[in-house]
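I sat down with this one to see what holds on to what. These are my notes, in the order I looked things up.

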Amino acid sequence: MADSIVIIPTFNEIENIENIIRKVFSLNVTFHILVVDDGSPDGTADVVKRLMQEFEGKLFIEERKGKLGLGTAYIYGFKWSLARDYTYIFEMDADFSHNPEDLIRLRQAALDGADMAIGSRYIKGVNVVNWPMSRVLMSYFASVYVRFITRINIQDATAGFVCFNRKVLETIKLDEIKFVGYAFQIEMKFKAIKYGFNVVEVPIIFTDRTLGESKMSTRIFREAFFGVIQLKLESLFKSYK
């Protein structure tokens, strides 16, 4: 039984899913993988089910009906993982924008005492490859905006490459998480800090996908912009003891 599981949400990732699974399983630290697939019409789930025969007991899939959103996929995966004996529960994209090698570094940060270890693009300058400048600026200043509104000292508030100690996910009321896109990532970090957990940023290099299509949309960005204000206002009337 591994102590670490990587949750990979998928929607139409057939070009990437086999390669990312094989890469994670090639690491010199043992990780299990849970794929949460939102009814990909391109056959992503079929690839995973074929690989499950090769990686029996290490690779799992949960299929959902339709595209229900990134945040809900992770919440589903968190609950699935908490029902088992995993200590370290990871978020990671399927498209190699997050380097699987960095799973080891995030896990080590957790072993060294971090309750939540964030793979940060901005802790040492701006470490982003293959993004247009407009998107780099939008992402960077989104984190500046989050820090200004919420007063949390996180350089990469929208990061989606994260290792949680299970006690964080057991403490945060997952059924009360409101947001599904970038705002979901902000909400998880904000609440972990408000509950007093040790949140650490680990520098990574983020490389934009080369295969498949980005899931970014103006709706996701709008949710994050207004969601941050909502988070801060609600926190003024909430106890995090």
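**Entry 1: R107 and D3.** I started with R107 and found its side chain in a salt bridge with D3, at 2.9 Å from N to O. One caution for myself: this is a predicted model. The two partners come from distant parts of the chain, 104 residues apart. R107 belongs to helix α4 (residues 102–111), while D3 sits in the segment before β1 (4–10). Is R107 buried or exposed? I looked it up: R107 has 15% relative accessibility, so it counts as buried. D3 comes out at 26%, so I put it down as partly exposed.

**Entry 2: K23 and E101.** Next I checked K23, which forms a salt bridge with E101; their closest N and O atoms are 2.8 Å apart. K23 is in helix α1 (residues 17–25) and E101 is in the loop between β4 (88–91) and α4, so this pair ties together parts that lie 78 residues apart in sequence. I noted K23 as partly exposed because its relative accessibility is 28%. E101 has a relative accessible area of 37%, so E101 is partly exposed too.

**Entry 3: R166 and E170.** Then I went to a pair inside one helix. R166 and E170 both lie in α6 (residues 166–171), four residues apart, which is about one turn of the helix. Their side chains meet in a salt bridge, 2.9 Å from N to O. How accessible is R166? Its relative accessible area is 17%, and buried means under 20%, so R166 is buried. E170, at 49% relative accessibility, counts as partly exposed because the exposed class begins over 50%.

**Entry 4: a network, and the total.** I also wanted to know which residues are joined by shared partners. E18, R22, R50 and E54 are joined into one network by salt bridges that share partners. How many salt bridges does the structure hold? I got 15. A reminder to myself: side chains of opposite charge can pair when their charged atoms come close.

**Entry 5: the sheet.** I turned to the strands. Seven of them form an open sheet, and I wrote the order down as β3-β2-β1-β4-β7-β5-β8, with mixed pairing. At the edges I found β3 (59–63) and β8 (199–203), each pairing on one side only. From one strand to the next, the twist averages 20°. I picked out β5 (residues 116–120) and β7 (residues 162–165): they run antiparallel and three bridges join them. When I looked for the bridge partner of A117 in β7, I found C163.

**Entry 6: helices on the sheet.** What does α1 touch? This helix packs on the sheet and touches β1, β2 (32–37) and β3. I noted that the direction of α1 makes about 160° with that of β2. Helix α3 (residues 70–82) packs on the sheet as well, touching β1, β2, β3, β4 and β7. For α3 I got an angle of about 150° with the direction of β1.

**Entry 7: helix α7.** My last stop was α7 (residues 182–194), which has 13 residues. From first C-alpha to last, α7 reaches 19 Å, close to the 18 Å expected. Why call α7 largely enclosed by the rest of the structure? Because eleven of its 13 residues are buried. Among them are Y182, F184, I186, M188 and F190, and also charged-type names such as E187, K189 and K191. After α7 comes G196, and I noted its positive phi, near 90°.

Terms used. Residues are numbered from 1 along each chain as its sequence is written. This is a predicted model: local features need pLDDT of at least 70, side-chain atom pairs count only at pLDDT 80 or more; totals for chains, interfaces and linings use all residues. Side-chain values use heavy atoms; hydrogens and water are left out. A salt bridge is a side-chain nitrogen of Lys or Arg within 4 Å of a carboxyl oxygen of Asp or Glu. Helices (H or I, at least four residues) and strands (E, at least two) are DSSP runs, numbered from the N terminus. Buried means under 20% relative accessible area, exposed over 50%, partly exposed in between (1.4 Å probe, protein chains only). The expected span of a helix is 1.5 Å times one less than its number of residues. Two strands pair if DSSP finds at least two bridges between them. Axes are lines fitted to C-alpha atoms, for helices over the stretch in contact, and angles run from 0 to 180 degrees between N-to-C directions. Contact means heavy atoms within 4.5 Å.
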